[in-house]
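Let us walk through a protein model step by step, beginning with a sheet and what packs against it, and then moving outwards to other parts of the chain. Please keep the sequence and the structure in view as you read.

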Amino acid sequence: MLQLLALLQARKSWAGGELAARLGVTERTVRRDIDRLRTLGYPVEAVPGPYGGYRLGRGGTLPPLLLNDDEAVAVAIGLRSAIDGSVAGLEESAVSTLAKLEQLLPAHLARRVRSIHESTASLSRADPAREQVPAGHLVLLTNACSARERVRFFYRDKDGRDTTRLVEPLGVVRAGTRWYLAARDLDRLDWRTFRLDRISSPGSVGTRFELTDPPDPVMLVTAGLASMQFPFRARIRMAVPLEQAVRLLPRTLAILDETGASTVADLGARSMDRMVAYLAGLSPPCQVLDPPELRVALAAHCAAVGSANS
């Protein structure tokens, strides 16, 4: 019965003959064990027809979940990663769930999880006073993305202005400790990205929609991050194809455009000095296309480094 339950959890649907073959029993035994699972509270559904079979449905209560060794370790590590303060209301639930799981883990698995936790550290930590996302908002928006339902919310921009937005949500993307919603803004008739910590009072309006040629939500967010208004911007050319340029200049820092065997990148920094320091460390070296004063500053910096090491 435990093997049967594990199979039902592993795939959406199984034919009775498939289950019998995998378990090495008769189909009659499979039917009997499924009846026993139902008696224990597992909502096993039988779908009639030539393409039907058995599947584990959704019930009013959560039945016990079977995990193999690797799955149990993955869940434990995921719960530890969730306790980073970026989602308000999640830490307490994650801690209590992790405590329950670690009590049930066999000793060898508990040691694996503990060694990973004790040997790793994170520099990413959300500012609790400024960037936390309510767990309820995250659940509502991700559900709206999955159900393709329009959402309305209040949004505060970087200048502190509040507006009401009606959107068709595409996906939720996490970048560091921040969460972003990629969505089509119906009032502006354009794809936009929204920081979840700036969203308030989100609610589904109950209207379904269909996506037509949607963009990649990750690419939409990274392009938005790369196009942020930096005080200093530059345009450079690298003698490498786009695939290699992406590894040298992450899309969250630069907007890349492949031109034959080379790649042109538009990127920003807080000052020209920071841009000089960043470009001086690129390998292979880049050609500065614009602005001219950056070429002069970068050449002077490289000359000074060469003089200091001659």
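Helix 11 (residues 292-308) lies across strand 10 and strand 13, and it runs at about 150° to strand 13. Here contact means heavy atoms within 4.5 Å, while axes are lines fitted to C-alpha atoms, for helices over the stretch in contact, with angles from 0 to 180 degrees between N-to-C directions. Helices (H or I, at least four residues) and strands (E, at least two) are DSSP runs, numbered from the N terminus. Before going further, note that this is a predicted model, in which local features need pLDDT of at least 70 and side-chain atom pairs count only at pLDDT 80 or more, whereas totals for chains, interfaces and linings use all residues. Residues are numbered from 1 along each chain as its sequence is written, and side-chain values use heavy atoms, with hydrogens and water left out.

The two strands under helix 11 belong to an open sheet of four strands, in the order 11-12-10-13, with antiparallel pairing; two strands pair if DSSP finds at least two bridges between them. Strand 11 (254-259) and strand 13 (287-290) stand at the edges with a single partner strand each, so one side of each has no neighbour in the sheet. On average, neighbouring strands of this sheet are turned by 25° against each other, direction ignored. Strand 11 and strand 12 (residues 262-269) are joined in the antiparallel sense over six bridges, and Leu256 stands opposite Ala265 in strand 12. Helix 10 (residues 272-280) also packs on the sheet, where it touches strand 10 (232-238), strand 12 and strand 13, and its direction makes about 145° with that of strand 12.

What, then, are the residues of the largest nonpolar core that touch the most other members? Of its 21 residues, these are Ile236, Leu249, Leu267, Met275, Leu279 and Leu294. A nonpolar core is a set of buried Ala, Val, Leu, Ile, Met, Phe, Trp, Tyr and Cys residues joined through side-chain atoms within 4.5 Å, and buried means under 20% relative accessible area, exposed over 50%, and partly exposed in between (1.4 Å probe, protein chains only). Two or more residues of this core come from each of strand 10, helix 9 (242-248), strand 11, strand 12, helix 10 and helix 11, and strand 10 gives the most, with four residues. Met275, leaving aside its neighbours within four places in sequence, is in contact with Phe232, Ala234, Leu267, Gly268, Ala269 and Leu294. Apart from this core lies another one, of 16 residues, including Leu141, Phe153, Leu181 and Ala183. In soluble globular proteins, nonpolar side chains tend to be buried together.

The loops on either side of strand 13 deserve a careful look. Pro284, in the loop between helix 10 and strand 13, is joined to Ser283 by a cis peptide bond, with omega about 5°. Pro291, in the loop between strand 13 and helix 11, is joined to Asp290 by a cis peptide bond as well, again with omega about 5°. Most residues other than glycine have a negative phi, and most peptide bonds are trans. Arg148, in the loop between helix 7 (135-147) and strand 5 (149-156), has a positive phi, near 55°, and is partly exposed, with a relative accessible area of 26%. Asp213, which is not a glycine either, has a positive phi of about 50°; its place is in the loop between strand 9 (199-208) and helix 8 (217-226), and at 70% relative accessibility Asp213 counts as exposed.

Turning to the beginning of the chain, we find that the buried residues of helix 2 (residues 16-23) are Gly16, Leu19 and Ala20. Seen down the axis of helix 2, these residues fall within an arc of 100°, so they line one face of the helix; the arc is that of the directions from the helix axis to the C-beta atoms. The face turned away from the buried side carries the exposed residues Ala21 and Arg22, while the cover over the buried residues includes helix 1 (2-10), helix 3 (27-39) and strand 2 (53-56). Within helix 3 lies Asp33, which counts as buried at 11% relative accessibility.
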